[in-house]
Amino acid sequence: MMRQIAVALFAGAVFGAGLAVSGMADPQRVRGFLDLFGDWDPTLAFVMAGAILPMAIAWRIQSRMAAPVVSPRFALPTRRDLDARLVVGSALFGIGWGIAGLCPGPAIANLAIAPAPAALFVAAMLGGMILHRLLPAAPPAQTVSEARRA
Amino acid sequence: MQAMFANAMPAEGMIGGLMIGLSAGVMLLGLGRIAGVSGLAARAAGISGDGAPRSQAIAFILGLPLGAALVAWLSGPVVARFDQGVTALIIGGLVVGFGTRLGSGCTSGHGVCGLSRLSARSLVATAVFMVAGFATVAAMNAFGLGQ
C-alpha cells in the first residue's frame, strides 16, 4: 500500500518535472504548436516523440510480465471499438486545449508555477468532469479489466 | 535571416518528453496502470468511481505540481505565460474536463500511453484532438481572438 503510493507519487513528480523541463507548462508554447498556420513551434512534437520512445519499450516489457512490480495485477484498457463518444469527446477536448493552451497534466503541474490561473482552469475542468458524470445513461468511460498476457 | 522555428526547444522537449515517458513506464510496469492524467484527476477528485485506487491517483496528481516545483527550485523560474484571460481559462477548462471524460482520455492517456501501444482508439482520439486544436487556434486567430 505505502509502496504503491510512493511509486505513484514518484511517477507523478517525474511527469510534472518533465512537463516543466520540456516547456509544456507554458500555455503559449502549447498554443504555438497548435498554431500550425502561423508561427509554428514544433517543440510539442519532440515531447511526444521523447515520451513515446520509452513507453513503446515499456509495452514490450509489459507483454512479458505476469504482474506489475508493486501491484497484484495489470488493469489496462481493453476496449477496441470506435464510438461517437470517443470522437466527440476528443474533439471537445481539442477545442478546449486550443482555447486555453492547457491540457490536464500541465494545468495541474502549473498549480505550483502559476497558482491562480491554473487553479481557475483546474476548477473549471473538474466542473466539466462533474457535468459529464451527470449525463444520463453514460456507460463507464473506460472498460478496465485484467490485461491478457500477450 | 531568421532561423526557422526560432522559438523551438527540441533538446529540452526531447529530454522532458523522455521523463514523461519514463514516468508512464513506471506507472505501467510498477503499478500496472495507464498514466492518464484526466482519468487520475477525476479519480483523485472523487468524480470517477473506477480506475486506480484513489490513494494512488491522489499521490500521482500531487506529484505533478511537486515535480514542476522541484524543477523551478533547481533550475530557476519555469516559463508559464498565461495570456489567455479568465474567460478562456473557464471555457477551456469546462470543455477540457467534459471532453476528456467523454473521450476517455487526454494527451497523456491517449497521446503517450495509447499511441505507444498502437491502440486504434487512442490513434483516432489523438488525431481528432490534434486537428480540433489546430482548427480552434486557426479560427481564433481568424476572428481576432489570438493571444
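Biologist: How many residues does each chain put into the contact?
Modeller: Chain A gives 114 residues and chain B gives 104 residues. Contact here means heavy atoms within 4.5 Å. This is a predicted model: local features need pLDDT of at least 70, side-chain atom pairs count only at pLDDT 80 or more, and totals for chains, interfaces and linings use all residues. Residues are numbered from 1 along each chain as its sequence is written, chains are lettered from A and ligands numbered from 1 in the order in which they are written, and side-chain values use heavy atoms, with hydrogens and water left out.

Biologist: What area is buried between chain A and chain B?
Modeller: About 9600 Å², with 76% of that from carbon and sulfur atoms. Buried area is the accessible area (1.4 Å probe) that two parts lose on being put together, summed over both.

Biologist: And how many salt bridges between chain A and chain B?
Modeller: Three. A salt bridge puts a side-chain nitrogen of Lys or Arg within 4 Å of a carboxyl oxygen of Asp or Glu. One joins Arg121(B) to Asp81(A), with the closest N and O atoms 3.9 Å apart.

Biologist: New topic. How many disulfides over all chains?
Modeller: Zero. A disulfide needs two cysteine sulfur atoms within 2.5 Å.

Biologist: Why is there no bond for Cys103(A)?
Modeller: Because the closest cysteine sulfur, in Cys106(B), is 6.1 Å from its own, too far for a bond.

Biologist: Is Cys103(A) buried or exposed?
Modeller: Cys103(A) is buried, at 9% relative accessible area. Cys106(B) is buried too, at 1%. Buried means under 20%, exposed over 50%, partly exposed in between (1.4 Å probe, protein chains only).
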